[in-house]
Amino acid sequence: MSCGNPVADANALMQRRKKYDKTNSCVKCKVTQGNLVIRHAVYCKDCFLHLVVHKFRRALEPTVNPKPDGPRRTALKPAGNLLVGFSGGLGSSVLLDLVHRCYVALDKSTMPSDGGRDHPRHERVWKKVTICYVEVCDAFPGMRDRTEEITQHVKRYDDLEFVPLRIQDAFDRSWWEKIGGKSFPSEIGASLADEALFLQSLPSTSADPLTSLRAYLSSLPTPTAVTASIQTLTRLLLLHTALQTGSSHLVLGTSLTSLAVSLISGVAQGAGFNIREETQEEWTPEPETLMGLDHAPDASEGSKTGKKGKRTVRVVRPLRDVGMKECAAWAWWSGVPVVGKEKWVWAGAKPGIATLTKDFIVGLEKDYPSTVSTIVRTCSKLAPKGEVSGKCILCGRPAQRGVQEWKARISIRDRPPAPGSTEDATAKTADAEPLQPSLTPYLCYSCHTTLTSKSARPLPSPWPASAQAPLVSLPVWTEARLSSAIRDVDGAEHVHAEIMQTRQVGQDEMKGIVDEFLLDDQE
């Protein structure tokens, strides 16, 4: 192959690479001409639809029973109901269609052929299936409300319940008490302008949930922090709704492509310790934040684990083996409409880490079709290092022990004041004052970085009127857990945790601390 002039030499042009490896016949039935190429493999329409159903069932059904299946496959008997997290996007639309076909309508074309017509696996698995949608239009200016479109879309499927939520419900005490959350006497706010994240009691006449949401988002330091916080709030709203509906499983429409993006962007934002939770998660609520799971609405309906403190929600992503291209083909051939999602942008904001990661991986996947599958397989081999110190009070995921001490050692925040200067005297006065409660000890590394990692350029606020509030409200599940851990946030009386403060100690002060243990020179 030469690189000469293609006009004079016909062999100078490089041959175009084939989209498939050997033949254009379906690799499964080997009879029909293929209609779709997936990672250089050719599939016809019928074989492709059966392939997607097989991947969907293979990812979901081993997680249905409370205990994993042994060497012999048993009947599917979940511990509760099923909640489907629906966003209106491509993945969640395909997920909803597959759930309805396989476990509600019991479409014969999606049933396994082995076992006979009356096999137990052909019975309905979940007695109650609920669809939950969280509307986020109030978090960004100019975004259209799609609740009515989502409602009409869900009505296409029979025998499903629909629960619409709004993102500001995360700051609504009435919603929290409605789902069975424990009420707390006073609201607690945090100062996001300081890295210490000091806590104080908010006035009794606090703002409405929408104002609290906008003040919280406007106080975040970067566009990445805004999008990550919206995702965290949405995830926790879905988890608490699963408890309310008595659901033992929460399924999300995260495709293989979306999973690869979330894994890489999560590691880039400091969530590497929770990389396994991005694929599958076992979430148990904190007992001190709930009045009692037995008293929650619909908690006992369809649930076999109604004991207090024993309820667990299993988060599963059944489309984790199905790529974005395959989801689009299923929606096209099955006639599944897609409502769509709007981008989370506002005037003057730069793209966040998640947006940049998605653009990079999707662009790379076009030329190298095995990119996303390689990312997911590699991340599945990773294991978190270090001990777990508890659950993060904000995102509810495991927090690594000692991350704040490690972060303090590697970070240079400011220069120490010169001895005898005014700043030195002020620092000594501050050290002598009582310790002020802080949110930092209760956070994981990722959430602490989200709240405190500032950008070199100031972030244009999505809501300028709510920007730079001295104290912002926290999500209701965070405040409920803080209220059980701290009796009086203005004092220093704590129940379940200690508040520690690090400061530089002089040589004379250190000697005075250990002076009674030192031996005299004469002895």
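Is Trp333 buried, partly exposed or exposed? The legends below refer to a predicted model.

**View 1. Trp333 sits in helix H8.** Helix H8 covers residues 324-334. Trp333 counts as partly exposed because its relative accessibility is 24%, and the partly exposed class lies between 20% and 50%. Outside its neighbours within four places in sequence, Trp333 contacts Asn35, Leu36, Lys45, Phe48 and Leu49. Leu49 is 284 residues from Trp333 in sequence. In space, the C-alpha atoms of Trp333 and Leu49 are 8.6 Å apart.

**View 2. The largest nonpolar core holds 61 residues.** Ile167, Trp176, Tyr216, Leu439, Leu443, Leu451 and Trp477 have the most contacts inside this core. Helix H6, residues 223-244, supplies the largest share, ten residues.

**View 3. Tyr216 and its contacts.** Residues up to four places away in sequence are not counted here. Tyr216 touches Phe171, Leu192, Ser229, Leu394 and Leu451. Tyr216 also touches Val472, Ser473, Leu474 and Pro475. Both Tyr216 and Leu451 are among the residues with the most contacts inside the largest nonpolar core.

**View 4. A second nonpolar core is separate from the largest one.** This second core has 43 residues. Val84, Val99, Ile150 and Val316 are included in it.

**View 5. Helix H10 packs through its buried residues.** Helix H10 spans residues 371-380. Its buried residues are Thr371, Val372, Ser373, Ile375, Val376 and Cys379. These buried residues pack against helix H7 (256-268) and helix H9 (353-367). In an α-helix, residues three or four places apart point the same way, because there are 3.6 residues a turn.

How values were computed
Residues are numbered from 1 along each chain as its sequence is written. This is a predicted model: local features need pLDDT of at least 70, side-chain atom pairs count only at pLDDT 80 or more; totals for chains, interfaces and linings use all residues. Side-chain values use heavy atoms; hydrogens and water are left out. A nonpolar core is a set of buried Ala, Val, Leu, Ile, Met, Phe, Trp, Tyr and Cys residues joined through side-chain atoms within 4.5 Å. Buried means under 20% relative accessible area, exposed over 50%, partly exposed in between (1.4 Å probe, protein chains only). Helices (H or I, at least four residues) and strands (E, at least two) are DSSP runs, numbered from the N terminus. Contact means heavy atoms within 4.5 Å.
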